[in-house]
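Reader: I should like to discuss the charged side-chain contacts of this structure. Please present it.

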Amino acid sequence: MIRKTTPTLIVLLMLLLGTGLPVQAEDGYRLWLRYDKVQDASRLQQYRQQVTEVILEGNSPTLAIAKRELAQGLRGLLGQEVPFGQKATKAGTLIAGTPASSPLVAQLQLGDKLKAAGDEGYLILTTQLNGRNSHVIAANTDIGVLYGTFHFLRLLQSSQDITKLAVSSAPKIQHRVLNHWDNLDRTVERGYAGFSLWDWHRLPGYIDQRYLDYARANASIGINGTVLTNVNANALVLTKEYLVKVAALADAFRPYGIKVYLTARFSAPIEIGGLKTADPHEPTVQQWWKDKAAEIYSHVPDFGGFLVKANSEGQPGPQNYGRNHADGANMLADAVAPQGGIVMWRAFVYDDKEPDDRAKQAYTEFKPLDGTFRKNVMVQVKNGAIDFQPREPFHPLFGAMPKTPIMMEFQITQEYLGQGTNLAYLAPMFQETLEADTHAKGKGSTVAKVIDGTLDKHQLTGIAGVANIGTDRNWTGHLFGQSNWYTFGRLAWNHQLSSEEIAAEWIKMTFTSNANVVMPVQNMMMTSREAVVNYMTPLGLHHIMGWSHHYGPGPWIKDKHRADWTSVYYHRADEQGIGFDRTKTGSNALAQYAPPVQKQFGNIKTCPEEFLLWFHHVKWDHKLKSGRTLWNELCYRYSEGVDQVRQMQSTWASLEGKVDEERFAHVQSLLKIQEQEAKWWRDACLLYFQTFSKRPIPSDLEKPAETLEYYMNLDPKFVPGI
Ligand code: GCW
């Protein structure tokens, strides 16, 4: 927080507090909702002229939040109090509400335009009211008004012209959900930002202000659901003792439009229900879940439903009883259906007894089940078939199950992209998957169209992001982790936004709208993910990180109890070359894609180089587009990754004095760590792969700092997030 605090400073702070001037440590707590006074003088003048009073009628809890947000936002951004009134008496009135809550909104007769906004969307219009210029935030529902409010404030935060607004916005995806991999003991699986926000011990009595701030941040980007608990589930959360705590959180989140979901441990009927079995075909088991669902709804009337990881990495599931995933999902779906709940059933499955390529297993198990799921089930599929790697081709299940609503699961927390220490802006990665063409129904059948329901005409649609949020003061550990939380919400609302646009919005709200900061930071962000790919897993390499904690390089990992948890299984380096042959001559995972995709990826000449070693075992001397051999290209890519981090460091250094001291220092130290880790990855991987290639590292590249033995003996202790 405030560093080097001296007694004089404290006195000064007390004086400032007394005057009501904003005193904020730039510790990142305020996220992108800082509402500091607009810097651009002409914009400030415009806003002061055009927003002179607010009329927001109606008094639901959600509208009360919108009102508070507008009051706080306008006070901060305009640097002056904007009065709230009831009659539009002057130019510059901002009217917010629904036709039901606000006679003024009703008077505008927005008809079809408003209809198009649906249940959650909104309009923001510059209009004439009683002959005077006004702005209107109109929606069909209170939550639409709140979303519109945040949008309006965002325009001011990012210094946009508001003289002729004609915004119409509605989410393209229905369920926009965070998945918290939070355990009841407050540890967070793959969490790098401290502990779980949910203070189960003090719930339900104590409602931490953090819950409200969390909900507010989510509402500001349109996230409307949260799964509170880890997919590696604990049945205890379904007991009465915990359900009252869950209810308290649901009550806190409700006014912000956020529904609560829980993970359902499949064996819960045995563990907490005293039954002998959890077989989904057993009537007693079915009844147990029905009763349990009814009990949950008695505590949380708008409970969203269940997220389930079953028969995956040791979790129990229907296959324990010879049943399939649809049998399991449908049983839970029937239990929550009467109250309108849904089931999000994960497709992240692979079996250690199955010798087949892990990349194929989800498709093999789920594709035949298409059309057998209940209407309130979504199958939740990770963006790629292995596991949230820095780069993966899109999962073959997208487009392959037209009769089933397929939900996207992205990982916001950076398990494989540098955890808590690396700056990696993930929008380009999310976008790459969303824009990938499955060719399921001809050209243009993008993954985005699969998940927003337009390709196969599904009403039920969803997108999940594994959260990167914890108790760290700045919420996400690395300040730039905030941009990934932000991105997830923005893309879930509108997957057509570009990565550049989202980055620019976030930077303006988080730092400043000054172009001399926005541009360089945007450049850093836009190269950051590619940098990570380069120094970790270039050219389609994957799953070569440290054992279990997944921190740092570990391409040498082998001989573990399951082959698909080793690195050698994935890179397959030998004296001839490197890479996983997934063509016909290998595992033929490619056959799971539509023919045009197979054709492109299957041919070593047309396969995009970024996926080369994902699909092909390639000879060390194979020539790439650059004219270099594969070995040399690998060396250059690894080195380029390190150089890109150094570039980020120097860009950031150039911002000294333009960014507040506290956040400047935070990012600067983390970039330094990132550079060390990038070198560690580069050196360890090149030295290890060199034992197969037996070729020199090109002489113009930096030499590895240590020996391979040194890197192989590194054994980081207590890495967070396990
Ligand atoms: O990425 C892997 C993680 C596990 C995780 C699993 C999953 C929650 O290493 O920690 O478990 O995926 O998604 O189920």
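Author: In this predicted model, a suitable place to begin is E633, which is buried, its relative accessible area being 5%.

Reader: Which residue meets E633 in a salt bridge, and what is the N to O distance?

Author: The acidic residue E633 has a relative accessible area of 5%. Its partner is partly exposed, at 30%. The two side chains meet in a salt bridge, and the partner and N to O distance are R628 and 3.2 Å.

Reader: Is D27 buried or exposed?

Author: D27 forms a salt bridge with R473, at 2.8 Å from N to O. D27 lies in the loop between α1 (7–19) and α2 (41–50), and R473 in the loop between β13 (462–466) and α15 (481–493), so the pair ties together parts that are 446 residues apart in sequence. R473 is partly exposed, with a relative accessible area of 41%. The cut-off for buried is under 20%, and the relative accessibility of D27 is 12%, so D27 counts as buried.

Reader: Which helices hold E69 and R216?

Author: E69 and R216 form a salt bridge whose closest N and O atoms are 2.8 Å apart. Both E69 and R216 are buried. The pair links distant parts of the chain, 147 residues apart, and the helices are α3 (residues 61–78) for E69 and α7 (residues 209–220) for R216.

Reader: How many salt bridges does the count come to?

Author: A salt bridge requires a side-chain nitrogen of Lys or Arg within 4 Å of a carboxyl oxygen of Asp or Glu. Salt bridges also link E26, R30, R34, D36, D660 and R663 in a network. By this rule, the count of salt bridges is 42.

Key:
Residues are numbered from 1 along each chain as its sequence is written. This is a predicted model: local features need pLDDT of at least 70, side-chain atom pairs count only at pLDDT 80 or more; totals for chains, interfaces and linings use all residues. Side-chain values use heavy atoms; hydrogens and water are left out. Helices (H or I, at least four residues) and strands (E, at least two) are DSSP runs, numbered from the N terminus. Buried means under 20% relative accessible area, exposed over 50%, partly exposed in between (1.4 Å probe, protein chains only).
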